[in-house]
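Thanks, everyone, for making the time this morning. Please have the sequence and the model open in front of you while I talk, and stop me wherever something is unclear.

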Amino acid sequence: MSQTRLFSLKMNDGFFMPMLGLGTSAPPQVAKSEVEKAIKRAIDVGYRHIDSAYMYQNEEEIGRAIRMKIADGTVKRGDLFYTTKLWSTFFRPELVQTCLESSLRKLQLSYVDLYLIHFPIAMKPGEDFFPKDTHGNIIFDTVDLCTTWEALEKCKDAGLAKSIGVSNFNCKQLEMILNKPGLKYKPVCNQVECHPYLNQSKLLEFCKSKDILLVAYATLGSDLRKKWVKKDNPVLLQDPVLNTIAEKHRRTPAQVTLRYQLQRGVAALAKSFNEKRLKENFQVFEFQLTPEDMQSLDGLNRNVRYFEEDSLSHHPNYPFNVEY
């Protein structure tokens with residue numbers, strides 16, 4: 001069963017994004033070999049949208065899995081939609097293509113389908129992912145995000161990325177790009193934390209008004225082993241309202257949460273390396289939630305964020321994707 005066109009959303013540049021994607025960010029305890037196995041399993045199940053980033057440090061394994069699935073005839077490169085992201089230490093315009101080329105070398109691919117600005121926060125260039133001063137504070141960089149965006153446009157023109165977009169941007173930051181003099185390409189999407197406890201309704205409304213897709217990460221809550229995840233938040237998949245709806249449809253809470261996003265016109269990333277859950281999550285196309293279900297799930301919103309990073313808290317663009 002192919003996702004390619006039937007279960008895809010058209011982006012503002014004419015390309016299509018499969019509505020359900022596989023997230024690949026994993027805590028350090030998870031072996032990189034597990035990522036490779038998960039990608040192969042996911043492609044076999046039917047996933048065609050794979051989301052990663054320079055910062056996840058797993059692109060060699062992902063590239064190997066993709067090439068193996070192409071070599072055995074399961075997919076062609078054109079069937080797959082692969083996303084990578086520009087890390088914050090590469091925001092200076094002259095470094096933007098360098099970061100993408102590094103990802104492409106690791107992947108051993110000639111292009112990515114989507115290249116995103118990972119966060120609206122620039123950090124000091126260099127080898128460290130989180131450059132720090134002698135007091136342990138992150139060293140930020142002063143870069144105009146509009147110049148970074150122009151460099152992404154050049155990556156698209158060079159054929160290294162078919163589409164370009166942003167991640168963790170709020171309405172104000174999106175407007176800054178959209179109102180930039182000489183804008184050549186609009187962002188095709190904004191990838192943000194989004195789930196029933198943080199439904200991003202205002203940001204979704206804004207993005208739709210600008211023909212920008214919203215892509216949801218942390219759709220199922222998040223893995224508490226990850227460094228940036230708050231440990232004291234309620235567990236989304238244990239929510240009683242969510243579980244009642246799941247029981248009614250004879251589905252899992254995860255399936256209901258994913259289906260909720262798809263019915264809102266939001267592309268959803270689900271991260272699981274477990275074969276059973278990979279299959280279950282892909283079955284979201286086999287049922288539909290009622291308008292009453294959707295209303296009940298909308299009612300769960302409580303602006304709970306799973307992703308928080310105190311070390312970035314003194315930057316003016318933090319917290320990420322607060323709606324305005």
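Glu 60 sits in helix 2, which covers residues 59-71; helices here are DSSP runs of H or I with at least four residues, strands are runs of E with at least two, and both are numbered from the N terminus. This is a predicted model, in which local features need pLDDT of at least 70 and side-chain atom pairs count only at pLDDT 80 or more, while totals for chains, interfaces and linings use all residues. Residues are numbered from 1 along each chain as its sequence is written, and side-chain values use heavy atoms, with hydrogens and water left out.

Is Glu 60 buried or exposed? With a relative accessible area of 43%, Glu 60 is partly exposed, given that buried means under 20% relative accessible area, exposed means over 50%, and partly exposed is what lies in between, using a 1.4 Å probe and protein chains only. Ser 103 is 43 residues away from Glu 60 along the chain, and yet the C-alpha atoms of the two are separated by 8.4 Å.

Let me step back to the whole chain. The protein has 10 helices and 10 strands, and its radius of gyration is 19 Å, close to the 20 Å that the globule rule gives for 324 residues, so it is as compact as a globular protein of that length. That radius is taken over C-alpha atoms, and the rule is 2.2 Å times the number of residues to the power 0.38. The C-alpha trace spans about 55 × 45 × 40 Å along its principal axes, and 56% of the 324 residues count as buried. If we take the contacts with a separation of 6 or more, 76% of them are between residues 24 or more positions apart, where contact means heavy atoms within 4.5 Å.

Now to the sheet. How many strands make up the closed barrel? There are 8, running 3-4-5-6-7-8-9-10 with parallel pairing, and two strands are said to pair if DSSP finds at least two bridges between them. Neighbouring strands of this sheet are turned against each other by 30 degrees on average, direction ignored; axes are lines fitted to C-alpha atoms, for helices over the stretch in contact, and angles run from 0 to 180 degrees between N-to-C directions.

Strand 3 is a convenient place to look at the barrel, with Leu 20 and Leu 22 pointing one way, Gly 21 and Gly 23 pointing the other way, and all of them buried. Strand 3 is joined to strand 10 by 3 bridges, the two running parallel, and Leu 20 has Ala 268 of strand 10 as its bridge partner. Strand 3 also pairs in the parallel sense with strand 4, residues 49-51, over 2 bridges, and there Gly 23 has Asp 51 as its partner. Further along the barrel, strand 5 (residues 81-86) and strand 6 pair in the parallel sense over 4 bridges, with Thr 83 opposite Leu 114. Strand 6, residues 112-117, is mostly covered, since 6 of its 6 residues are buried.

Strand 9 (residues 213-217) runs parallel to strand 10 (residues 267-270), and 2 bridges join them. Helix 8, residues 253-263, packs on the sheet, touching strand 3, strand 9 and strand 10, and its direction makes about 155 degrees with that of strand 10.

Helix 8 also meets other helices. Its axis comes within 8 Å of that of helix 7, residues 240-249, and the two cross at roughly 95 degrees. That makes the two helices roughly perpendicular, a term used for angles of 65 to 115 degrees, whereas under 35 counts as roughly parallel, over 145 as roughly antiparallel and the rest as oblique.

With helix 10, helix 8 packs at about 105 degrees, the axes being 11 Å apart. In this contact Val 256, Tyr 260 and Gln 263 of helix 8 meet Met 294, Leu 297 and Asp 298 of helix 10.

I will finish on Leu 297, which lies in helix 10, residues 291-298. Leu 297 is buried, with a relative accessible area of 0%. Which residues does Leu 297 touch, not counting those up to four places away in sequence? They are Pro 196, Leu 242, Ile 245, Val 256, Tyr 260 and Leu 289.
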